[in-house]
Structure formats: structure tokens, C-alpha cells
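I opened this model to look up a surface patch, a helix pair and some salt bridges. My notes follow in the order of looking.

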Amino acid sequence: MLGGSLDLQTSKAAPAASLRLSTAQKAQSCSPGPPSMLRPGLLATGDVAASKRPFLTSHPSRPVLDNIEQTAVSSFGALESQPDFRTPEFEEFNGKPNSLFFNDGQRRIDFVLVYEDESKKETNKKGSNEKQRRKRRAYESNLICDGLHLEATRSVLDDKLVFVKVHAPWEVLCTYAEIMHIKLPLKPNDLKTRSSAFGNFSWFTKVLQVDESIIKPEQEFFTAPFEKNRMNDFYIQDRDTFFNPATRSRIVYFILSRVMYQVRDNVKKFGINKLVSSGIYKAAFPLHDCTFNHKSEDVSCPSERYLLYREWAHPRSIYKKQPLDLIRKYYGEKIGIYFAWLGYYTQMLLLAAVVGVACFLYGYFNQNNCTWSKEVCHPDIGGKIIMCPQCDKHCSFWNLNITCESSKKLCIFDSFGTLVFAVFMGIWVTLFLEFWKRRQAELEYEWDTVELQQEEQPRPEYEAQCTHVVINEITQEQERVPFTTWGKCVRITLCASAVFFWILLIIASVIGIIVYRLSVFIVFSTKLPETLNGTDSIQKYLTPQTATSITASLISFVIIMILNIIYEKVAIMITNFELPRTQTDYENSLTMKMFLFQFVNYYSSCFYIAFFKGKFVGYPGDPVYWLGKYRNEECDPGGCLLELTTQLTIIMGGKAIWNNIQEVLLPWVKNLIGRCRTVSGAEKMTPRWEQDYHLQLMGKLGLFYEYLEMIIQFGFVTLFVASFPLAPLLALVNNILEIRVDAWKMTTQYRRMVPEKAQDIGAWQPIMQGIAILAVVTNAMIIAFTSDMIPRLVYYWSFSVPPYGNHTHYTMEGYINSTLSIFNVSDFKNQSKGNPDPKAVIPTTCRYRDFRNPPGHEQQYKHNIYYWHVIAAKLAFIIVMEHLIYSVKFFVSYAIPDVSKSTKSKIKREKYLTQKLLRENHLKDMTKNMGVIAERMGAVVENNLRPKLE
């Protein structure tokens, strides 16, 4: 620390969660005043229990941290009301644009803070600007008191901007590495040998691998949580490189987030996030190590950003595997695990896409053998079947053969291959989730996060609201919380009500789309025949049903995207009001709200088409009405499966195109505008920190939205795949582009994010497992109730031959005639009568899609025996398919362990060797110390005996 050595004396005072200087050092380093760093858990005038302190956990041998916990709270530091501040050194830009060091060329820049000089602001509000200036000066003074080095430099392009560069010296890094339980190298590790499952195809996989001569493999080490009193045990060859840039930035951000700048009414305000959000600082970020398209001129700089752009983000590397180790090293484990998951998901999609395309091609090449489609298109069968009007008054009678083209398309998707693919996808999703758990365990071992002790601090927003004193049930000590139990219940109730209200709003929009379908179908039924009169080539494709389906899907997509944009802001507001304690709690709460909303938003229209449309329509003599006014819409004679396929194609394709345009264009345009604003100074040489400042901010929830986008796609691929076997192919193409777009965005358009640790993908794993379970049910119900596969099978095996049929062998001939019931036109109610063409002959009977007895039967218009056979077959199919797939899923889950045997052995072996190494080093130290003590005791004894002998 600046101003003296560390004092770790023991005291029985209240435990302190952060390191402090001794009283003697305080007098030398900082002026007296309140503490500069808020103790995590110390709120206003009270303290929280030790169990709530994020980085105070029991550890068998941590004398340093035990002393830290018992160090009395010191009172040095300058706050906003303090007249004397320690200010950073002001230095001019030294003309080295790629330098990552202070002007002395020795101290590395670990973080950059940017603010606008109040004295040079155009709108100079003296009172407000002076308050901001004093808060900032207090904050910077406290950073210096906490041991950080600061150096300020004015902007080259904009004289109003000031860049404060932050450097953490060796003592500060060591101190906080121990507090944060950061694992650091003990000795090189020769155990981690990664074997490939495709070793026999190394000649092929070598083309897909990253060139190791360009990106060299990372050296593996045995690691252990850092302890200062065991510094000699660690592999410290060079103090400048022992802490890599990502670790240095993480430590500095930990300090920046906890240093105070103001105390008002016994409430301590602290943290860089609050200062940035209030406008006192304009930005805070770690530096990229070089430009993305050129290597650094400094030979000691590894130019990792350039390597990532060249071997990962560049379009020519689209076929290569991702350099996950380098991504993790540069951006941290949290970013690395996202790209590892996305890459693994994309690899698994390749198998699903191949099977899906095979099923599609099977349907495509067999569509000409589709007997029931031939009957629809046959002029003597479908051409002579007159269908009943599908709406009241305005619709006319129509011939079945006008749906000829849609029936041919339906044969492609509603085939035996669909059933095979639905069963396959139920098993595929289980294999994906289980193998991903194994891959995740391997990454935990390789990235050294197996025993990650990441004890999170409370969010600054949470601590700022802690005004209520309660007694902790475990420690019986006082602690401060933001609200009472009653207040918490009120907040949860209000938040749940708000979420429920927005879900009802989505359902209302879905009902609006349904009403649109019902009303516009009448218009298309009356206007399209007149508009397209004489254009048979268009008329046979653009039927009223098709026009209604396409326009409704487009409108539904637009409404989905609008509600999505609005609800993102609403969900953040609701979660902020809920006030979760830690960032993980915040992200998990927001994840559940956003996913629940997105689930209803994206999937509600698909669920309606799949399971509700055409199911409750009655029959022409007694139709069912929506809201007592709109007659419920019917499916095509071939069912609603083709319409569901159309809906999925539009939403999946439109969403993918929209998201990629948004992700590529928005940051690029914003950066372009930023460069245009500074074009007057473009000829000047700008430093690294100023170049990075003009990039876009990723934001804390940036990765959250990337996950959300992929999980919604995962839902489309699994929940409704029985209706659209090409969905995995679309997802595969999108994901291949998504990986490179995200990589390009992060390496070229965004500032460098603060590296964060992560063991897994968090709350998204159980969400995927829930989707996988639900997908079995939805696909079974789509095949049973949305497609016509079960009615066709029942006809083929039971109703095509005696006693119900007239054919001598099993056949599909006559299927269309048997599935269309007869209705007597004279039985129409007045409001349901069609509006026939005056020139046309009014038929005496018409046909409609249902299984009912004909007029004149003793139970006319009641469901016939065929209907009950079909219902029984559908229910039996759902039960058999669900139990079959669930049995296979659970067997696969049981048979595939989450952690492979080899990984378990490596983890145990490394743990054993690490403990052995630490024990041996400890024994060496003890032996050395005992030898020194023995020598001193011998010398003392000799000195005592010498006078007696003399």
C-alpha cells in the first residue's frame, strides 16, 4: 500500500471485511477522516453479520485473512466534505498511441476513468458542478489512500475530457488477490493432456483447429488461492507478469466498486457504478491491448486483441474452431463459457440439421405418392367436392381443389419422417444437455474454476437502501436491510402483479391477432376472387387462408418485436424495484422475468395455431363464435400444420435477420457517428485509452441478451420441431453467423469488458432442461392434434377395409371423402348462410372438415364412430410417445455421468499434488525456521556458558 507496509495486527474489534492501514501509517499517508473504502456489509452506522459478508468464509489456514477480519476499522481517507484531497498527477500525452503504461513507461494502466472537466463545460451550473467535482476529488483521493496510483491526461481531441489512468502496485495486487481468493500458479502442471475423440482424423481436424504457431497453447499450472504469507510457494518468475492483465483489471474493479466518495445522513455512497450512472464520470473501463487490425509496436505486448480478430472474428475463420482459451484469458471465464456453450450447441445442431434435412427430403421426394393430396387435386374428386362457407354471409361455397398447392406442400411436412424426427429430437435434446454438462465439467477443470470461491458483494443499489435494523437469526447480531419482512412481501406482490399484467397484455395482443384473422378472412374471401379473377397461376397459391395466415404472421412478428423492446425496459424497472441483494440474484430474477415474458410473447401465437385453431368450430349449422360476434376460424382441409410451419418460418427467420442487423449495424453506426464528431482531430495521434473511449459500452446485461436470444431459438428448435424439420438447419446457419458476429462486435466495436469468473451458464441450464421436458409433450400433441397423421393411420388400418370400408386391401384411397362430413344447406341458420354467386347453382349439400353423421341419420350432425376411433388413437399415441421418449431420456441421463471419469481423476490428482506441494513447502519452511531457531538457541547457550567456564 502507498505510504508504508501492511499492518495485519490482531484485534477483537468488529470484523472488518477489507484491508486497512495501521494508525501510524494513516498519519503518514492520508489525512484523517472516515474510512475511504466501505466495508462490504457495513451499512450506515451498523454492521452486518459475518455470514453476510461476501468474502469472509471459513478457511483452514488463512492467518492473513483472520487478521484482516479482526483489524479495527481505521478512520483515514478524504470524503466529499473533506477540504484536503490527494489528487492524481497531471501529465501530457507522450505521443505513444499504443502505450499501455503511465508516462514513466513502468507502471501498467489497469483501468481508465473518464470525466468531463466542470470548468470547461458549456452549461456551467456552478452549484451542481462543484458538488460533482468534490465527489470525484474525494473518490480519487480515497483511491490513492487505498494504494492505487493515478495519472491524469487531457484528451487530445476534446479538451474538456480528462482520462484518469489507474495502476495497482504489487502490494495492492497481492493483498486483494488474497481477499478475493484468486487462484494463482504454484508450479507448471504436466497432467493436463487433452485427448481428442477424433484422433484418427487428425489430418481433417487440423484444418479446423486454430494454428498453434499463431495462438500458442497456454501453459498449465497447479494453482491455489493466493496467500501472502506463502508467497514463496507460488510460481513468481516476474512480478510484472505474475498477475495477467485480466486479473489486474478484475482486482482494480473490485476496489473501484467499493471505495466511498460521500457520507450523508450516516449513509455511505460508494462505487464507480454509481458515479458513472450519476454522470460524475462518463466511463470506466479496462484497456484493449492493441488495435484489432494491427499488432502492437511493443514487442512485449502479446497483441491478443489482434489475434482474436484474425483467428476468431474475421470472416475467413468462420470454419475454424474458437480459441476458447485465449477468449477466456482476454475476456474472462464468464464470456468464455458463453462462447463455449454457443459453440457446443452449434456443433450439436449439425447432427439435428442433417437428420431434419433428411426428413424434409423424404417428404419432398414422396409428395407425388401422397394419395390424399392427389384426391384433393383431382378434378373428378376434389374438383367436384363443394365445401361449406367458412364465414357468415360474405363467404361463398368453394371447391376443394383450390387447396391443391397447399395440400402438396403439406405432404412434405406431414409425413412419416416428421414422426421419426420428433422422436429423434426428443432424444437429441437430452444428449445435448448431458454432453454439455460433461463439457462444462472439463472446462471447469481446464479453466481452474472447480472450487471457485466467488463470494459476491451486495450490489451498491442494495446497500444504499439499507436503512432498517434487524437481528440476524443465526448470529443474533444487528444488521441493516433495505426493507422489513412486510415491505419485502409488498414488493414481491407488486412485482408479481406487474409481470402478470404484462403477460395478460401479450395474451390480449394474441386475441387481437385472432380477431384480425377472423375479420380479414371475410375480406379476403370476398375480395381476392374478384381481384385475382383471370390470374389462375396466382389464385391457386394465394388463397384466402394463405393470405390471412401470412399477413397475420407478419403482424404478429411486428407486435412481438415492439412488445419485446418495451418489456425489456419494464422488466429492468421491476427488478430494480425488487432490489435483489447480489448481481447474481439480480440476473437470475431478471432472467426468469424476461424468459417468462419472451416465452409467452414468442410462442403464444404458435401454441394457438397448434392446439386451438380449428379445434372448437362446431359445424356449419351451429358454429362457435368468439366474443359472440366473430365466427371461429377453421383449418384447411389438410389441417393447421402448414400454417404453423409458416408462422415458425416467419418468426424464426425474421427474428434472426432482425437481431443480426441490430447487432452489426447499431454499434457500427454509433461508432461511425462518434468518429465523424471527432473528424476535425482525426489527423492527430490519439492514445490507446482515447481510442477505446469512443467504442461502445457492452453493458452488464449485454451477455444476458445474447443468452436470451439463443434460448428463445432453442425453444423454437425443440418445442415445435415436429411441424418444421428445417428449424435446426436455420438455427445452425444463424449460430455460425452469430458466433462470428458476436466475436466481431466484441473485438472491434465494444470496449473491453471487466473479466468475470463463472463456473457454468447459470440459470439458463435449468431453463433448457424445462424446455426439453416440455418439448416432448408439445411435439407429441402436434403430431396427434395438429397434423393429420393419426386420422390417416386410423383410416388406413381400420376404415379402408371392412367392416367400415369397401376396399379389399389396406389403402389410402377414399380418405378425403371419409374425413369430410356432409351438411344439408337447408339446415343453415339465417346468420350463417353463405353469399353464393348469383350466376352459380346453389348446391343442396356441402362438405366440412369433421367426423359427424350425415343429415337424415338418427343422430345427425353428432360425432360418428370414426371420430371416437381417432380420439382414442391420438390419446394412445401421446401416452406411448411420451413414455417412450421420457424413458429413453431418463436412461440416457442416468447412463451419461455429468463429469467424466477421466476428468474426476484429473481433478483429484491435481488436488492431491497441490496439497502435497503446499505441505512439502510448508515443512521446508518449518525445517528452515527450526534450524535458525536451533542455531540461535545454541548461540545463546554458548554465550551463557562461556563466562562460567572462564
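Entry 1, nonpolar patch. The model is a predicted one. I began with helix H23, residues 727-749, which gives the most to the nonpolar patch, with four residues. I then listed the patch in full: Val 207, Ile 318, Tyr 319, Leu 729, Val 733, Ile 736 and Leu 737. Together these residues have about 560 Å² of accessible area on the surface. I looked up Ile 318 separately and found it in the loop between helix H9 (304-313) and helix H10 (324-331). Ile 318 is partly exposed, because its relative accessible area is 34%.

Entry 2, helix pair. I took helix H11 (residues 333-365) against helix H13 (residues 404-413) and found that their axes come within 6 Å and cross at roughly 140°. That makes H11 oblique to H13. I noted the handedness as well: H11 passes H13 in a right-handed crossing.

Entry 3, Ile 514. I found this residue in helix H16, residues 485-531. Ile 514 is buried, with a relative accessible area of 3%, and the cut-off for buried is under 20%. I checked Ile 514 against Tyr 608, which is 94 residues apart from it along the chain, and the C-alpha atoms are separated by 8.9 Å.

Entry 4, salt bridges. My search of the whole structure gave 31 salt bridges. I went through several of them.

Arg 107 forms one with Asp 104, and the closest N and O atoms are 2.8 Å apart. Arg 107 has a relative accessible area of 19% and is buried, while Asp 104 is partly exposed at 37%. I also noted that Glu 89 is linked with Asp 104 and Arg 107 in a network of salt bridges.

Asp 788 pairs with Arg 849, with 2.9 Å between the closest N and O atoms. I located Asp 788 in the loop between helix H24 (764-786) and helix H25 (789-799), and Arg 849 in strand S21 (residues 845-849), so this salt bridge ties together parts that are 61 residues apart in sequence. Is Asp 788 buried or exposed? At 6% relative accessibility, Asp 788 counts as buried. Arg 849 counts as partly exposed at 31%.

The side chains of Arg 852 and Asp 850 also meet in a salt bridge, at 2.7 Å from N to O. I entered Arg 852 as buried, at 14% relative accessibility. Asp 850 is buried, with 14% relative accessibility.

Methods. Residues are numbered from 1 along each chain as its sequence is written. This is a predicted model: local features need pLDDT of at least 70, side-chain atom pairs count only at pLDDT 80 or more; totals for chains, interfaces and linings use all residues. Side-chain values use heavy atoms; hydrogens and water are left out. Patches are made of residues with over 30% relative accessible area and no salt bridge: like charges are joined within 9 Å, nonpolar side chains (Val, Leu, Ile, Met, Phe, Trp, Tyr) within 5 Å. Accessible areas come from the Shrake-Rupley method with a 1.4 Å probe; for residues, only the protein chains shown count as cover. Buried means under 20% relative accessible area, exposed over 50%, partly exposed in between (1.4 Å probe, protein chains only). Axes are lines fitted to C-alpha atoms, for helices over the stretch in contact, and angles run from 0 to 180 degrees between N-to-C directions. Angles under 35 degrees count as roughly parallel, over 145 as roughly antiparallel, 65 to 115 as roughly perpendicular and the rest as oblique. A crossing is left-handed if the near helix is turned anticlockwise from the far one by less than a right angle, and right-handed if clockwise.
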